[in-house]
Every structure is written in structure tokens, then in C-alpha cells.
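New to this one? Have a look at the sequence and the fold first, then read on for a short tour.

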Amino acid sequence: MSTSAHPSADAIRTGSTVTDRLVEANAHYAADFSDPGMDARPVLRVAVVACMDARLDLHAALGLELGDCHTIRNAGGVVTDDVIRSLTISQRALGTRSVMLVHHTNCGLESLTEDFRHELEDEVGQRPAWAVEAFRDVDQDVRQSMQRVRTSPFLLHSGDVRGFVFDVTTGLLREIDPA
């Protein structure tokens, strides 16, 4: 049986949920699992901040193995306060020294605006405390994210911060000049 999260015909007939399918896949994974004996500190001492987009297979795209890096993902791969929190823990408690930012082409945040927050407020009666962080220019958004990392007072290591745009049609990274 495949461990893919794609629902099987049997799963659809029995009314299983996607989460049920994922839990089933985990049981198959765990059956052959053995503790790799790794430390929580990433071997390459790098943290990768990327978009949550399902088209980005970061480990495959970057040639990474389990244990190589910390991966922090959110909508747009934007450097928010919570990303700074994670990077601070990654650096100060777990030894990372480099930060790689990976945004991508055709991001969903390019089609949103901050009006999304107002629409949510109208629908549920409460405005979210967070910003959408929508953008029109992916290169400029990468530059902004690099700047946020480089100027954070909480981060010890801001010298090796590089930003990239992943092309979802070619799989190639394009580095963004921070200037």
C-alpha cells in the first residue's frame, strides 16, 4: 500500500477523512522507523524560511537530508515576528548561523490585499491581529524579508542571510540582490 496522502478509492467509499489517511500513512511509516539518533541542532547550521506552498519540496529542491536544516514555513515565506522568534531559538539555542529565504513565483499572496483582514472582520466580527503581508513584487518582498532578518536585535548571526525566488515552473532558484 502506498503511503501517499492521496485518498484511495476505498478511503473515499468508507468516508475516511484526509486526516485519517495521513494517520494511516504514519502507521506505515512508523512500522519501519528507526531512531536516527540525531540531535535537534541542524548539521548544516542553516535555517530555511520558505512559503508553505504545497508545490515547494524544499528538501528535494535544495538537496537536503533529514537533520540538515531548520525549516520555517508560512504563507509567503514572510519574515514576521513569529519567524524572528523561531530564528532566534534556532540561532541562540540550536546553533544555526546562516539564514536562507525562499519565496516563489505565482504566490497566492500576490493576489491578496490587506482588505482580506477587513473581509474576515466583517464575516466573524473580529479583525485578525496579524497582517496579511500581501505583496505585488516578489523580489522586493524577498529584500524586505532579508532586511528584517539583518536588523533584528534578537538574532546573533545576520551576516549570512541570502534570499531567493523559486520558479515553480522550472524548479530553479534565482538569487535576489539585497540592495
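What follows is a quick walk through some cysteines, a loop residue and a hairpin in this predicted model.

## Cysteines without a bond

Let's start with sulfur. A disulfide is a covalent bond between the sulfur atoms of two cysteines. Searching the whole structure turns up 0 disulfides. Cys51 is in none, and the nearest cysteine sulfur to its own belongs to Cys107, 4.2 Å away.

Why is there no bond from Cys107 to Cys51? Their sulfurs sit 4.2 Å apart, which is too far, because a disulfide needs the two sulfur atoms within 2.5 Å. As for surroundings, Cys51 is buried, at 4% relative accessibility, and Cys107 is buried as well, with a relative accessible area of 7%.

## A buried loop residue

Now for Leu109, which lies in the loop between β3 (98–104) and α5 (115–124). Is Leu109 buried or exposed? Its relative accessibility is 6%, so Leu109 counts as buried.

Who does Leu109 touch, leaving aside neighbours within four places in sequence? Its contacts include Ala75, Gly76 and Val78, along with Val132, Glu133, Ala134, Phe135 and Arg136. Leu109 also links back to the cysteine story: 58 residues separate Leu109 from Cys51 in sequence, and their C-alpha atoms are 10.0 Å apart in space.

## The β4–β5 hairpin

Further along the chain, strands β4 (residues 161–166) and β5 (residues 173–176) pair in the antiparallel sense, with 4 bridges. Phe164, for one, has Glu175 in β5 as its bridge partner.

Together β4 and β5 make a hairpin, with 6 residues between them. In the turn you'll find Gly171, whose phi is positive, at about 80°.

Definitions and conventions
Residues are numbered from 1 along each chain as its sequence is written. This is a predicted model: local features need pLDDT of at least 70, side-chain atom pairs count only at pLDDT 80 or more; totals for chains, interfaces and linings use all residues. Side-chain values use heavy atoms; hydrogens and water are left out. Buried means under 20% relative accessible area, exposed over 50%, partly exposed in between (1.4 Å probe, protein chains only). Two strands pair if DSSP finds at least two bridges between them. Helices (H or I, at least four residues) and strands (E, at least two) are DSSP runs, numbered from the N terminus. Contact means heavy atoms within 4.5 Å.
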